[in-house]
Amino acid sequence: MTEQTKPNNNMDAIKRLADVVDARRADFLAGKANPDVSYIAKLFSKGDDAILKKIGEEAAETVMAAKDSRFANLAPEMQSKLVGEIADLWFHCFVALSQFNLRPEDVIAELERREGVSGIAEKAARKS
Ligand SMILES: N=c1c2ncn([C@@H]3O[C@H](COP(=O)(O)OP(=O)(O)OP(=O)(O)O)[C@@H](O)[C@H]3O)c2ncn1[C@@H]1O[C@H](COP(=O)(O)O)[C@@H](O)[C@H]1O
């Protein structure tokens, strides 16, 4: 955890953000969103390719920030930069989930389904 990390109800923050993203999409589909004032509306107006391209960009920026942080011996300012890049990546994943009629809760449910199942054992079971 970084120094800025405060104990709070983080899952609520994710749900609130997903609600905002879904509301922007509903407005966009109803022709009510303004891409000039809402970044999310702008992404929805551009469609699948633009949304998915942002995920690729943010993933690449995350990788570079992680490499920089390692190179700087996990210096606090580099750790903060890495957290910021991962936040950008998650944010754009939430926009993609909405674009495909999904929710972060779907991903959480999948992770819960996998809880306690070793990745090694799961992969071995796939092969047999
Ligand atoms: N959490 C975020 C959030 N995280 C990142 N971003 C935006 O994501 C963009 C990505 O940053 P980049 O530097 O990679 O992109 P860029 O180079 O500026 O943009 P492009 O040239 O790639 O189009 C930036 O414009 C950020 O401001 C976000 N935009 C919005 N939110 C949340 O969504 C809410 C609604 O936002 P609007 O739809 O803009 O009203 C906000 O109140 C926030 O809670």
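Here are some exercises with worked solutions on the helices, loop and ligand shell of this structure.

This is a predicted model, in which local features need pLDDT of at least 70, side-chain atom pairs count only at pLDDT 80 or more, and totals for chains, interfaces and linings use all residues. Residues are numbered from 1 along each chain as its sequence is written.

**Exercise 1. The ligand shell**

Find the residues around the ligand, and say which elements give two or more of them.

*Solution.* Start with the rule: a residue is near a molecule if its C-beta atom, placed from the backbone, lies within 6 Å of it. The residues around the ligand are then Leu17, Val20, Arg24, Ser38, Tyr39, Ile40, Ala41, Asp88 and Phe91. Next, look at the elements: helix 1 (10–29), helix 2 (39–46) and helix 4 (76–99) each give two or more residues to this shell. Helices here are DSSP runs (H or I, at least four residues), numbered from the N terminus. Last, sort the shell by class, with Ala, Val, Leu, Ile, Met, Phe, Trp, Tyr, Cys and Pro as nonpolar, Asp, Glu, Lys and Arg as charged, and the others, Gly among them, as polar. The shell has six nonpolar, one polar and two charged residues.

**Exercise 2. One shell residue up close**

Is Tyr39 buried or exposed?

*Solution.* First place the residue: Tyr39 is in helix 2. Then take the cut-offs: a residue is buried if 20 or more other C-beta atoms, placed from the backbone, lie within 10 Å of its own, exposed if 12 or fewer, and partly exposed in between. Tyr39 has 10 C-beta neighbours inside 10 Å, so Tyr39 counts as exposed. To finish, pick Arg24, 15 residues away along the chain: its C-alpha atom and that of Tyr39 are separated by 9.6 Å.

**Exercise 3. Helix 1 and its partners**

Describe how helix 1 crosses helix 4 and helix 2.

*Solution.* Two packed helices are described by the angle between their axes and the distance between the axes. Axes are lines fitted to C-alpha atoms, for helices over the stretch in contact, and angles run from 0 to 180 degrees between N-to-C directions. Angles under 35 degrees count as roughly parallel, over 145 as roughly antiparallel, 65 to 115 as roughly perpendicular and the rest as oblique.

Take helix 4 to begin with. The axes of helix 1 and helix 4 come within 10 Å and cross at roughly 50 degrees, and the two helices are therefore oblique to each other. The crossing is right-handed, a word used if the near helix is turned clockwise from the far one by less than a right angle, with left-handed for anticlockwise. Leu17, Ala18, Val21, Asp22 and Arg25 of helix 1 are in contact with Phe94, Val95 and Ser98 of helix 4; contact needs C-beta atoms, placed from the backbone, within 7 Å.

Now turn to helix 2. The axes of helix 1 and helix 2 come within 9 Å and cross at roughly 55 degrees, which makes helix 1 oblique to helix 2. Helix 1 passes helix 2 in a right-handed crossing. On the helix 1 side the contact uses Val21, Arg24, Arg25, Asp27 and Phe28, and on the helix 2 side Ile40, Ala41, Phe44 and Ser45. By class, these residues are five nonpolar, one polar and three charged.

**Exercise 4. Helix 3 against helix 4**

Work out how helix 3 lies on helix 4, then follow Glu58.

*Solution.* Helix 3 (residues 48–71) packs on helix 4 at an angle of about 160 degrees, with the axes 9 Å apart. That makes helix 3 roughly antiparallel to helix 4. The crossing of these two helices is left-handed, and their contact has 13 nonpolar, five polar and eight charged residues. Glu58 lies in helix 3 and is partly exposed, with 19 other C-beta atoms within 10 Å. Beyond its neighbours within four places in sequence, Glu58 is in contact with Glu85, Asp88, Leu89 and His92. Glu58 and Glu85 are 27 residues apart in sequence and 6.6 Å apart in space, C-alpha to C-alpha.

**Exercise 5. The loop after helix 3**

What is the sign of phi at Asn73 and at Leu74?

*Solution.* Asn73 is in the loop between helix 3 and helix 4, and so is Leu74. Phi is positive at Asn73, near 55 degrees, and also positive at Leu74, near 60 degrees. Asn73 counts as exposed with 7 C-beta neighbours inside 10 Å, and Leu74 is exposed with 10.

Conventions
Contact = placed C-beta atoms within 7 Å.
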